[in-house]
Amino acid sequence: KKPVGAPPKELARPVTKVGVVGAGLMASQFALLFVRRLQVPVVITDLDQARVDKGLAFIRDELDGLREKGRISQDEANRLRALVSGTTDLADFADCDWVIEAVFEELGVKQQVFAEVERHVGPETVLATNTSSLSVDRIAERLEHPERVVGFHFFNPVAVMPLLEVVNATRTDETTLATAMATAAKLKKNAVITADAPGFVVNRILAKLLGEAMHAVDTGTPFETVDRAIRPLGLPMTAFELLELVGLKVGAHVLDTHHAAFPDRFFESANLHRLADHGRIFERDAKGKVKGV
Ligand code: CAA
């Protein structure tokens, strides 16, 4: 096994422009974090202009919110806003030295995204993946320069959760790892370096909690009962609230990946797949009170 140690800090390369592939829930949250903390140009891409515009609108709204709360000045909001741009043309990534993806959690899709990005960027550009449970080795395997691929796994809500998992894949080189650690420090996240194992560290543990909660439902206990039973554990959110936060499709995918890797230790959930199409577990009444689905 490759040792999981911290690389020499002096190997880190500067990050002067960031490319973000995907403009969805996670990607737009960390695009905002990159621009705030690194104060460098951030360019966002997605499958079509409508998705890009949605990501840009999220960032603009969040910057407005930070200004209204007095966390940033109007000048800073304007400056940060001007640093963020959108594109549907990967040629605009040419001078990025850091590209991070948060596209759909499917190996083939992520492999294809990085293969396309690699055609447009220099050989030293770091390619970071926010995958939550896929193998970073596999994501990198078809690339010309797999040594510049690293896992960079944020937690939701990105602005609040202090942890970041930096995944040291088999072929990730020390320069890439050092750049990832330096970038995490600039983002003010507590980074831990993990091995490239299914679910890394945190999702392996979360998948256990979420999987067992769903399994209780799948075997006949109603959602509300399981939810009420978990509350006294004092977690900031119950298993089902957490599933709604991360997105039911992502949650179902995390459970499936763990089940595929360790069939005797993790459950898949038929109910979670059913609800993933519906988009949420709990219905809320007009007063925001939860009514079970
Ligand atoms: N975006 C930005 N800021 C947010 C936010 C969001 N979505 N949600 C909450 N916040 C901020 C609030 O603005 C508030 O900040 P201030 O104190 O500075 O005003 C702070 O967080 C606390 O919020 P609240 O008082 O409203 O609520 P809370 O105390 O209940 O905390 C929570 C909310 C931080 C989300 C908390 O419930 C929590 O920690 N939940 C667990 C989250 C978790 O486990 N995430 C990991 C999910 S797994 C994952 O993401 C990985 C994966 O691959 C699937």
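A residue counts as buried if 20 or more other C-beta atoms lie within 10 Å of its own, as exposed if 12 or fewer do, and as partly exposed in between, with C-beta atoms placed from the backbone. The model is predicted: local features need pLDDT of at least 70, side-chain atom pairs count only at pLDDT 80 or more, and totals for chains, interfaces and linings use all residues. Residues are numbered from 1 along each chain as its sequence is written.

**Exercise 1. Determine whether Gln 39 and Phe 200 are buried, partly exposed or exposed, and describe their backbone.**

Step 1. Gln 39 has 13 other C-beta atoms within 10 Å and is therefore partly exposed. Phe 200 has 21 C-beta neighbours inside 10 Å, so Phe 200 counts as buried.

Step 2. Most residues other than glycine have a negative phi, and most peptide bonds are trans. Gln 39, although not a glycine, has a positive phi of about 55°. Phe 200, also not a glycine, has a positive phi of about 50°.

Step 3. Helices (H or I, at least four residues) and strands (E, at least two) are DSSP runs numbered from the N terminus. Gln 39 is placed in the loop between helix 1 and strand 2 (42–45). Phe 200 is in the loop between strand 8 (190–195) and helix 7.

**Exercise 2. Describe the surroundings of the ligand and locate them with respect to the domains.**

Step 1. The ligand is surrounded by 15 residues, of which Ser 132, Asn 156, Pro 157, Ala 159 and Pro 236 are the closest; a residue is near a molecule if its C-beta atom, placed from the backbone, lies within 6 Å of it.

Step 2. Two of these closest residues, Asn 156 and Pro 157, are joined by a cis peptide bond with omega of about 0°. Pro 157 belongs to the loop between strand 6 (149–153) and strand 7 (163–168).

Step 3. The shell contains 12 nonpolar, three polar and no charged residues. Here Ala, Val, Leu, Ile, Met, Phe, Trp, Tyr, Cys and Pro count as nonpolar, Asp, Glu, Lys and Arg as charged, and the others, Gly among them, as polar.

Step 4. At least two shell residues come from each of helix 7 (202–218), helix 9 (239–246) and helix 10 (248–261).

Step 5. Because domain 1 (9–195) and domain 2 (203–279) both give residues to the shell, the ligand lies between them. The domain bounds come from an automatic or database domain assignment.

**Exercise 3. State how far apart the C-alpha centres of domain 1 and domain 2 lie, and describe the contact.**

Step 1. The C-alpha centres of the two domains are 27 Å apart.

Step 2. Six residues from domain 1 and nine residues from domain 2 form the contact, where two residues touch if their C-beta atoms, placed from the backbone, lie within 7 Å.

Step 3. On the side of domain 1 that touches domain 2 there are two nonpolar, three polar and one charged residue.

**Exercise 4. Characterise the nonpolar cores.**

Step 1. A nonpolar core is a set of buried Ala, Val, Leu, Ile, Met, Phe, Trp, Tyr and Cys residues joined through C-beta atoms within 7 Å. The largest has 55 residues, and Ala 31, Val 99, Val 150 and Val 166 touch the most other members.

Step 2. Helix 1 (residues 25–38) contributes the largest share of this core, seven residues.

Step 3. Not counting residues up to four places away in sequence, Val 150 touches residues including Val 126, Val 166, Thr 172 and Leu 177.

Step 4. Another core, of 21 residues, lies apart from it and includes Val 217, Phe 223, Val 254 and Phe 266.
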